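Please examine the sequence and the structure shown below. The paragraphs that follow lead from the confidence of the model to particular places within the chains.

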Amino acid sequence: MGKTITIDPVTRIEGHAKITLQTDEHGEVSNAYFHVTQFRGFEKFCEGRPFYEMPYLMERICGICPVSHLLASAKACDALLAVRVPPASMKLRRILNLAQILQSHALSFFYLSAPDLLLGMDADPKERNLFGVMRNNPELGRGGIRLRQFGQQIIETLAGKRIHPGWVVPGGVNEPLTVQKRDFLLAGIPEAIQIILKTLRWFKKTMESFREEIRTFANFPTLFMGLVTPDGRPGYYDGAIRFTDSFGKIVADNLSPAHYPEFLGEAVEPFTFTKFPYYLPFGYPDGIYRVGPLARLNLVDRCGTPLAQQEWVEFRALERHSVLSSFHYHYARLIEILFCLEHIEEFLNDPEILSTHVRSTASLNNLEGVGAAEAPRGTLIHHYRVDEQGLITWANLIIATNHNNLAMNRGILQAARHFVRSDKLTEGMLNRVEAVIRAFDPCLSCSTHADGHLPLHIRLLAPDGTLLDETKRPS
Amino acid sequence: MTHTLILACGNPLRGDDAVALHLARLLREQLAGPEITVHSAQQWTPELAEPISRCDLAIFLDASSRFSPGFVHCESVAPLVGQGHALLTHSCNPPLLLLMSQQFYTRAPQRAFLLTIGSQSFAFSFSLSSPVQRAIPQALSHINSILSGATYAPSVTHALCAP
């Protein structure tokens, strides 16, 4: 009954997305598509470049999570060199990754989602921004800015600059940490922890007002995937891949990220440029899984730092098995911010962090290398092949946001079916569909986040394909 | 003690777009002291509202495609007027940052200026074009004038360097 809609990518506009809803003869939504219409092409145009350039080329994929690409790429290059990264350097890289997650989560929660959470999904769109947050709860807004600022300060202090830093090199990092820098970073931790604890208290009370959204925002059984350390904690920088199901049962464990083609398939659909990874043994699309904060907190056996552990126990008590509602990505994000701060403090207090041995050198020893790390939005995999001169002959990237693509598409269908009941779109409906996507915090094709307002184009189609209504929100 | 914050914005890989970063580097060498902070960034983000709220004088430095190459333009800037702004999380302009400083931290600097240099090329390059290079001494002298108390009416162009 439905009609296929062809979308031509008009321009490469960063963070551009489109949603198509299709209704049946009763005016109810029968299908929904989340289109990402941009194309980046990094996997192709890096071919022919020397492998040691890759970390700095690849981090240019994104202005929000360049550190994640820098690390995954450097790890793939470590594998090409077959080099053992010095212990101090491993810890410094871990701090950098945690700081990246901290600043990105702060952006997502406080800048992009707090307006909905504080002011309500039906609030005046003109008010739903950080200014509205500041007018209604200045402490919350200022806290969010401070957290993001602190995450960026850590990145800048370690790696030289906040966006597109260098410092991480194949084999380690290129400069050790000084006592002065360590002490400067340590001094900022207590204030940041107080901010996030206060925010968690506020959020847990606020959740009560969003029962309907919790019930309908991509709330369905899926698998969850992420990196886990050997002792069952979240493995943000490394670890083995674990899959759990909606009952919390481990489906697969101790999988090496280097062997991802054995358990991850990548499907494509004609309506979007983003790929649809799936758990290979379950097939497509039954192998749907989610990654990122919600998945990570569902996967682990424990959190591992004192305050985050307490919050994690409370979080897991939300449901008997896995926490399924994607609305709770927000909650998980806040707990991860707390975890990052505590874990950064632990690393900075480790005397080894000041070691001056931070880089190992080696020649090219392998012609293929895989690097994986947990980016803010989920597991990020870089896979390179080189020739004997070390020039890239092939690259494959599995971006964190893409893992969630199946769930995001299914999620907007669930929310649209619940909230759209007529042939007329309302602002509240538009915002709720948008908020489902926002809960996942997608980095579309990992080029950029959308601004405070995700630039959306929603089309409501009748069973015969007639356009019933259309709403555009510019970027 | 008057605290001055100089905020330079530009992309070091994009030719003349980096002129503000060059100025910032020279200013750091020239103006060492606790009363002046020089900040360089690829883009201005909302987090800058907090340090801006703590300063008495803010000087924003940027490249511009609006003016002919080497043309130095300076204007005083004030907080953006109005409400309900769609906040850009990736980049902000000086009036928006001043508004955020005022609304979020209840204080904005008493004086704020935007100094831009007309640019010739934003293509991939590590170097500045000749007219932009030639404009740097004049831009520095202009910044020193601001530091010593010069004021400008809003949106008034001051041609200090012939293109």
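Among the elements of chain B, helix α3(B) (residues 94–105) has the lowest mean pLDDT, 92, and strand β3(B) (residues 57–64) the highest, 97. Here pLDDT is the predictor's confidence in each residue, from 0 to 100, while helices (H or I, at least four residues) and strands (E, at least two) are DSSP runs numbered from the N terminus. Over residues 156–163 of chain B the pLDDT falls below 50, yet this stretch has 24 contacts in the model beyond near neighbours in sequence; a contact means heavy atoms within 4.5 Å. The model scores ipTM 0.83 and pTM 0.89.

This is a predicted model, in which local features need pLDDT of at least 70 and side-chain atom pairs count only at pLDDT 80 or more, whereas totals for chains, interfaces and linings use all residues. Residues are numbered from 1 along each chain as its sequence is written, chains are lettered from A and ligands numbered from 1 in the order in which they are written, and side-chain values use heavy atoms, leaving out hydrogens and water.

Consider next strand β4(B) (residues 72–76): five of its five residues are buried, so the strand is largely enclosed by the rest of the structure. Buried means under 20% relative accessible area, exposed over 50% and partly exposed in between (1.4 Å probe, protein chains only). In a regular strand the side chains alternate between the two faces of the sheet. Accordingly, B:V72, B:C74 and B:S76 point one way from β4(B), and B:H73 and B:E75 the other way.

In chain A, A:A439 belongs to helix α14(A) (residues 427–440) and is buried, with a relative accessible area of 0%.
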